[in-house]
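User: I'm new to reading protein structures and would love a close look at one part of this one. Could you pick a single spot, walk me through its surroundings, and then link it to the rest?

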Amino acid sequence: MLELSNITKSFPGVRALDGARFDLRAGEVHAFMGENGAGKSTMMKIAAGLFAPDTGTIRLDGVPVSFANPSEAKAAGIHTVFQELTVLENLDVAQNLLIGREPALFGGAWLDRVALYDEAAKILRELRIPMDPRRMAGRLSTGQRQIVEIARAVAQNPRVLILDEPTSSLGRHEEELLFSLVARLKTAGTGIVYITHRMSEVFALADRITVLRDGRHILTDDAANLDRPALIRAMVGRDVSEARHEGESRRAEVALEVRGLERGADVRGVDLTLYRGEVLGLAGLMGAGRTELARLMAGIDRPDAGEMMLFGQPYAPASVRAAMLAGVAYVSEDRKGLGVVLPLPVGQNIALPSLARLSRSGWVSPARLRDFARDWMGRLGVRATGPDTVVGTLSGGNQQKVALAKWLSTAPRVILLDEPTRGVDVGAKAEIYTLIRALAAEGTAVLVISSELPELMQLCDRIAVMAQGRVSGDLPAVEASETALLELAFDESEAA
Amino acid sequence: MTALPPTTSPAMARIRRGAALLRDLLPYAGLFLVVAYFAFASEFFLNTRNFERLITDSATLMLVAFGMTMVILLGEIDLSVGAVVALLSVILVQLMAAGLGWPLAVILVLLIGMGIGGLNGVITVIGDIPSFITTLGMMAVATGLAYVFTGSVSVAIMDDQFLDLFYDDRFLGLPVPLWIVGLAFLASVLYLNRTVAGFELFALGANPAAAALSGVPVKRRKITVFVIMGALVAIAACLSAARLGSGAPGSVPALTLDAIAAVIIGGASLFGGRAFVGRTLMGAALIAVLNNGMVLLNVNIDAQYIIKGLIILLAVVLERVAAGGR
């Protein structure tokens with residue numbers, strides 16, 4: 001139905017696509033995979049009319065087409081849901097769903113509010129989305145916003161729907177909602193392009209899989225003919241060990257101990273012990289309070305009740321700086337929003353928490369700052385021209401390494417990593433795993449928050465699970481199974 | 001939240017690079033063009049006496065523009081500077097008229113200036129109020145107070161020692177105001193590019209949330225910048241009073257506009273995270289030459305406002321296009 005062939009596209013200094021091809025049949029889910037920078041997004045932006053290809057042809061139903069802008073692609077029935085959310089927080093769900101095609105009276109001059117809410121309610125009902133059309137989008141969770149975003153595209157009966165990492169911010173309920181939406185679209189004959197880094201989703205959803213590497217087409221095949229290792233080999237061009245970590249947990253010395261920690265409705269009495277030299281995973285559904293707990297440990301928020309002990313000493317950080325001086329560092333899940341400062345150079349980003357240490361009575365030498373940054377860029381393998389490269393121009397994986405370098409350079413004894421591999425490609429992921437294991441081997445206590453259970457099982461010594469603001473249990477990683485962890489995550493017992 | 005993923009078509013990228021180049025050239029090329037134009041258009045422009053007057057006249061603007069650079073780097077703005085310069089010059093003159101020696105009067109004015117700046121900062125930061133509202137309020141208060149203190153008439157300065165030092169005297173052949181501007185420039189450059197606080201201001205302006213999570217003492221840094229602004233405004237008030245020989249409540253009507261214009265012509269982003277003292281200096285020189293030249297050519301005051309306004313708009317548009325929408 002949709003066919004892109006022999007597509008080449010260059011940007012100044014980079015050849016993003018080099019004779020790549022992709023074809024989509026009606027009623028299929030076609031997973032589009034590749035490392036970050038492989039050219040997936042560029043390819044799909046060409047299909048969506050955002051970029052024009054340098055060479056190559058796009059055919060829709062066998063007819064060559066070219067789109068000058070996204071509206072033309074939409075008019076042809078090609079809809080895209082990008083990773084970046086475009087839901088407007090100051091409008092309600094109905095207005096967001098029907099934005100740009102609001103029902104109107106008097107020749108389009110007057111908004112028909114009654115029809116607007118009727119129409120929106122009808123869409124939500126048909127798609128079986130339990131959401132109030134009058135709810136302000138600003139009060140929805142990120143996952144719910146993503147659902148609104150997807151529903152907006154689905155409601156326009158697309159012929160082709162491109163989903164760019166749709167599940168990266170979804171909770172489990174919303175994920176199921178999305179999967180059922182995808183199934184409905186399929187039966188209606190819509191072709192779906194599904195871009196994701198999550199293997200389990202690919203094999204659960206996709207009919208066919210295409211892999212791109214360095215802008216070139218590597219393979220297209222039925223999902224049934226492929227398996228995980230084969231896909232990873234195709235994406236990376238080499239074997240990546242996925243062996244689970246042989247967790248002999250070194251429970252010698254307690255690094256951070258949390259007792260009865262509470263804050264508002266998010267953290268409701270957490271007991272947790274983190275040992276020196278271990279990687280502790282923290283699993284849980286969205287809204288279970290994992291990030292909120294980490295923020296308490298990192299001195300960003302103050303607890304309402306409970307206490308913490310750091311290496312046997314009472315620990316109640318009054319600020320991020322206090323936590324940092326005590327040796328606790330937190331790497332945020334929101335890399336672009338909170339982790340790094342995108343318009344600033346790599347060097348200044350890495351040095352930001354360490355400026356006081358790099359200075360003499362308040363004065364900073366730029367040369368010293370650059371040396372310091374260069375050293376840490378080398379240790380973490382940040383791929384950038386130098387410390388003066390602006391972070392915003394780097395790939396997701398490299399940005400994450402900058403965020404990690406920034407905190408590792410403060411020499412933390414306890415490091416809290418919140419979704420350290422979100423939006424990071426397979427190769428960089430493996431590098432980050434190696435790094436985390438090395439940290440633990442050196443005696444650092446590492447807490448990893450992740451929504452990907454296989455990641456936790458592969459990386460951690462031990463996995464604790466949070467449910468509704470409490471720790472509902474923990475398991476050694478070698479004994480953990482997805483079923484066991486999920487049972488803990490769905491734990492609804494009202495423990496005292 | 002972005003409306004659309006950033007489009008990076010080659011045509012757009014070319015436009016953006018072009019705008020960035022123009023933005024970066026604007027202070028230098030603009031200064032060159034206006035100097036060349038006025039040198040050609042007015043026989044009075046290109047001579048040593050006019051240039052000296054130009055420099056001493058623009059000292060007030062320069063000092064305020066350096067402070068404004070730091071405020072705008074934070075993504076904030078200070079609309080009260082013009083009114084506070086007037087108020088402080090009135091206070092200075094009254095203090096001296098009351099028999100206080102000039103050194104003590106200057107020190108008191110400096111402290112009051114820092115106090116007013118600190119108040120702007122505290123209300124903005126602790127009260128979480130947009131600085132353009134805070135400082136708009138402060139502007140009205142300062143203007144009102146200036147008139148109350150003087151009874152709406154300007155008061156002449158009788159202290160010749162003060163007038164000599166802050167206007168007429170020379171040190172190593174150069175006018176004292178030029179030395180003061182030079183020192184303030186050097187201090188601002190060093191503060192922004194060589195101190196912990198300065199490095200943190202760039203992060204703070206570009207992404208306050210990320211800066212806070214990195215252990216930057218956000219509130220303290222922001223309030224400090226407003227206090228520095230207040231100190232520079234106080235020194236500017238002393239120079240302004242010495243130049244006019246009096247303290248007049250309505251003495252510097254266009255100062256706020258000119259200072260913001262200088263920073264923006266210097267390529268700063270009004271969204272914070274991007275500002276340069278060096279380019280602000282060029283921007284302020286451009287405005288100063290423009291003011292001086294337009295007076296020499298008898299351009300009427302309304303037309304002067306229109307021309308300066310258009311230059312500001314041009315600079316803002318260039319910066320936005322160069323930054324690529326966001």
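Analyst: Let's start with B:Phe199, which sits in helix α8 of chain B, a helix running over residues 196-206. Please keep in mind that this is a predicted model.

Is B:Phe199 buried or exposed? With a relative accessibility of 9%, B:Phe199 counts as buried, because the cut-off for that word is under 20%.

Which residues does B:Phe199 touch, once those up to four places away in sequence are set aside? From chain A, the partners are A:Gln348, A:Leu355, A:Val364 and A:Leu369. From chain B itself, they are B:Leu192, B:Asn193 and B:Arg194. So this buried side of the story involves both chains, because B:Phe199 has contacts in chain A as well as in chain B. For a sense of distance within chain B, the C-alpha atoms of B:Phe199 and B:Thr56 are 31 Å apart, and the two residues are separated by 143 positions along the chain.

Now let's widen the view to the interface. Here 29 residues of chain B are in contact with 38 residues of chain A. Together the two chains bury about 2700 Å² between them, and carbon and sulfur atoms give 70% of that area.

What about charges across this interface? Side chains of opposite charge can pair when their charged atoms come close. Between chain B and chain A the count is 1 salt bridge. It joins the side chains of B:Glu200 and A:Arg321, at 3.5 Å from N to O. The interface also has 5 residue pairs in polar contact, with both residues at pLDDT 80 or more.

Which elements give two or more residues to the side of chain B that touches chain A? They are α1 (10-41), α7 (176-194), α8 and α9 (208-213) of chain B. The helix we began with, α8(B), supplies the largest share, 6 residues. Sorted by class, this side of chain B has 17 nonpolar, 9 polar and 3 charged residues.

Let's step back to the whole structure, where a search over all chains finds 33 salt bridges. One of them is formed by A:Arg216 and A:Asp18, with their closest N and O atoms 3.3 Å apart. This pair links distant parts of the chain, since A:Arg216 is in strand β12 (residues 216-222) of chain A and A:Asp18 in strand β2 (residues 14-24) of chain A, 198 residues apart. Both count as partly exposed: A:Arg216 has 44% relative accessibility, and A:Asp18 has 23%.

Another salt bridge pairs A:Arg159 with A:Asp61, whose closest N and O atoms are 2.8 Å apart. A:Arg159 lies in the loop between α5 (142-154) and β9 (160-164) of chain A, while A:Asp61 lies in the loop between β4 (55-60) and β5 (63-65) of chain A, so the pair ties together parts that are 98 residues apart in sequence. A:Arg159 is partly exposed at 32%, and A:Asp61 is partly exposed at 45%.

Back in chain B, salt bridges can also be followed as a network, which links B:Arg23, B:Asp24, B:Arg274, B:Arg279, B:Glu319 and B:Arg320.

Finally, how many disulfides does a search of the whole structure find? The search finds 0 over all chains. Among the cysteines, A:Cys460 is buried, with a relative accessible area of 0%, and B:Cys238 is buried too, at 3%.

Key. Residues are numbered from 1 along each chain as its sequence is written. Chains are lettered from A and ligands numbered from 1 in the order in which they are written. Side-chain values use heavy atoms; hydrogens and water are left out. A disulfide is a pair of cysteine sulfur atoms within 2.5 Å. Buried means under 20% relative accessible area, exposed over 50%, partly exposed in between (1.4 Å probe, protein chains only). Helices (H or I, at least four residues) and strands (E, at least two) are DSSP runs, numbered from the N terminus. Contact means heavy atoms within 4.5 Å. Buried area is the accessible area (1.4 Å probe) that two parts lose on being put together, summed over both. A salt bridge is a side-chain nitrogen of Lys or Arg within 4 Å of a carboxyl oxygen of Asp or Glu. A polar contact is a pair of N or O atoms within 3.5 Å; within protein, one must be able to donate a hydrogen and the other to accept it, and residues adjacent in sequence count only if both atoms are side-chain atoms. Ala, Val, Leu, Ile, Met, Phe, Trp, Tyr, Cys and Pro count as nonpolar, Asp, Glu, Lys and Arg as charged, and the others, Gly among them, as polar.
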